[in-house]
Amino acid sequence: MELSKKEQFIKTIDEHKKIIYKIVNSYCPNKDDRKDLEQEIIIHLWNSFDKYDSNYKYSTWMYRIALNVAISFYRKEKKWSLKNDFYNEESIFRIEEDNSEEEAQLDYHLKLLQEFIHNLNELNKALMLLYLEEKSYEEIAEILGITKTNVATKISRIKLKLKKEFKNI
Amino acid sequence: METEELKNILAAYDTKLDKKLSLNVASLKNINLNKSEKNTQAILKYRIVEIVVFSLLALFIGNYIANNWSHTHLVVSGVIVGFFTLIALSGSIGQVALLNQIDFSKPIVDIRKKIEFVNTHGLLFVKLMFLSTPIWWSYVVVGSDYLFNIDLYSNMNADFVLKYLVINSLLIIPLIWFLCKLNYKNLHIKWVRKTIGFFTGLKTMKALEFLNDIEDFKN
């Protein structure tokens, strides 16, 4: 049976949920704002769902929208606090917590990495995320709208910065 | 820690998310997905109002010039006021065009630049205000003639008119230099920052700073 548009959309979001989750966590240091941002990203994705250009990978399209929304959200002085209007109180994503030692160590390192990412400006933050996601230079260039050479230069700078920042860990 | 180790941490994080991250479908279904982004719509409405106002003003000025065709000084004043109205009108039309090009599925740098140009719209009016300084009498001449039916020019002393023309002509070149400086590329100059900040406010200033960041990022 053919899926309705909304069901198709939910299926796609489910398949790519990690993209949204990671972007939200990188752009929103404040936990309370995260629900707003993830829902804003979902709304933009839904509004652009019909306009998806199949010449690009679905993840490229999704990264562009999610990062553009996240940057707008981050740059807004007054956050979109319209909870009573159309936002839910509940988060769209659930993550099971685990108190094992291994998990605690991973969380510690992730926290350090996120602190490093938070200190970058909006565009470098996007570049950093894509680099750590091991996207190809070509895909990063497509998402950001800069040349491949420029991506390579910036990534080598980021590598140096990362090395410097994490040398004592 | 090497970057490779960081990537290993992220790979472990990925594995964790694969296992433990789930979509709250009920919550997703509860979102009103058809709600559009209010902020862009609100800016678009303001710009459309500006277009209507400036178009009406341009029509009025056109009509004023036609009705006073035999009075050269009123025609010249009307043309000057009309010229500034048309600049403001084209600025607002440009903004609507930019707003219509904002599509979040397009490359980030292009979209951010368009958004920030929309956010710096206030600077156009500041520049127009400064640019009007040497010809401010045109507004007074047109206004007093239209509103109070008083032809100020015919009551002016010829000596005053001559001095006004000379002094204000001398102002044009420094003023153009000054306006060219009021640009996001010159934010490193203290007086440029202060002037823009004072006349446009924090929002425009932040947008201009971000335009600078975008340029740096692109190069």
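Chain B brings 38 residues to its contact with chain A, and chain A brings 50 residues. Keep in mind while you look around that this is a predicted model. On the chain B side, the elements that give two or more residues are helix H1 (3-20), strand E1 (21-23), helix H2 (25-30), H5 and H10. H1(B) gives the most to this side, with 10 residues. Sorted by class, the side of chain B that touches chain A has 21 nonpolar, 8 polar and 9 charged residues.

Strands take part in this meeting of chains too. Strand E1 of chain A, residues 93-95, pairs with E1(B) in the antiparallel sense, over 3 bridges. If you would like one pair to find on screen, A:Phe93 has B:Leu23 as its bridge partner in E1(B).

A helix of chain A offers another place to look. A:Leu113 lies in helix H6 (residues 101-118) of chain A. Is A:Leu113 buried or exposed? A:Leu113 has 22 other C-beta atoms within 10 Å, and the cut-off for a buried residue is 20 or more, so A:Leu113 counts as buried. Leaving aside residues up to four places away in sequence, A:Leu113 touches B:Leu6 and B:Ile9. A:Asp36 is 77 residues from A:Leu113 in sequence, and their C-alpha atoms are 23 Å apart in space.

Now for chain A as a whole. Chain A has 9 helices and 1 strand, and along the sequence they follow the pattern α-α-α-α-α-β-α-α-α-α. Of its 169 residues, 32% count as buried. Among the contacts in chain A with a separation of 6 or more, 68% are between residues 24 or more positions apart.

The domain assignment of chain A gives domain 1 (1-79) and domain 2 (99-169). Their centres, taken over C-alpha atoms, are separated by 20 Å. Where they meet, 14 residues of domain 1 are in contact with 11 residues of domain 2. On the domain 1 side, H2 and H4 of chain A are the elements that give two or more residues, and H4(A) has the largest share, 7 residues. The residues of that side divide into 8 nonpolar, 3 polar and 3 charged.

Here are the two sides by residue class:

| Side | Nonpolar | Polar | Charged |
|---|---|---|---|
| Chain B, touching chain A | 21 residues | 8 residues | 9 residues |
| Domain 1 of chain A, touching domain 2 of chain A | 8 residues | 3 residues | 3 residues |

Finally, the cores. In soluble globular proteins, nonpolar side chains tend to be buried together. The largest nonpolar core in this model has 55 residues, and A:Ile23 and A:Ala66 are those with the most contacts inside it. Helices H2 (17-27), H3 (31-48), H4 (58-75), H7 (122-132) and H8 (137-144) of chain A each supply at least two residues, as do helices H5 (108-119) and H10 (202-218) of chain B. H4(A) gives the most to this core, with 9 residues. Domain 1 and domain 2 of chain A each provide at least three residues of this core.

Which residues does A:Ile23 touch, not counting residues up to four places away in sequence? They are A:Ala66, A:Leu67, A:Ala70 and A:Leu129. There is also a second, separate core of 6 residues, which includes B:Ile80, B:Val81, B:Val141 and B:Val142.

Definitions and conventions
Residues are numbered from 1 along each chain as its sequence is written. Chains are lettered from A and ligands numbered from 1 in the order in which they are written. This is a predicted model: local features need pLDDT of at least 70, side-chain atom pairs count only at pLDDT 80 or more; totals for chains, interfaces and linings use all residues. Helices (H or I, at least four residues) and strands (E, at least two) are DSSP runs, numbered from the N terminus. A residue is buried if 20 or more other C-beta atoms lie within 10 Å of its own, exposed if 12 or fewer, and partly exposed in between; C-beta atoms are placed from the backbone. Two residues are in contact if their C-beta atoms, placed from the backbone, lie within 7 Å. A nonpolar core is a set of buried Ala, Val, Leu, Ile, Met, Phe, Trp, Tyr and Cys residues joined through C-beta atoms within 7 Å. Domain bounds come from an automatic or database domain assignment. Ala, Val, Leu, Ile, Met, Phe, Trp, Tyr, Cys and Pro count as nonpolar, Asp, Glu, Lys and Arg as charged, and the others, Gly among them, as polar. Two strands pair if DSSP finds at least two bridges between them.
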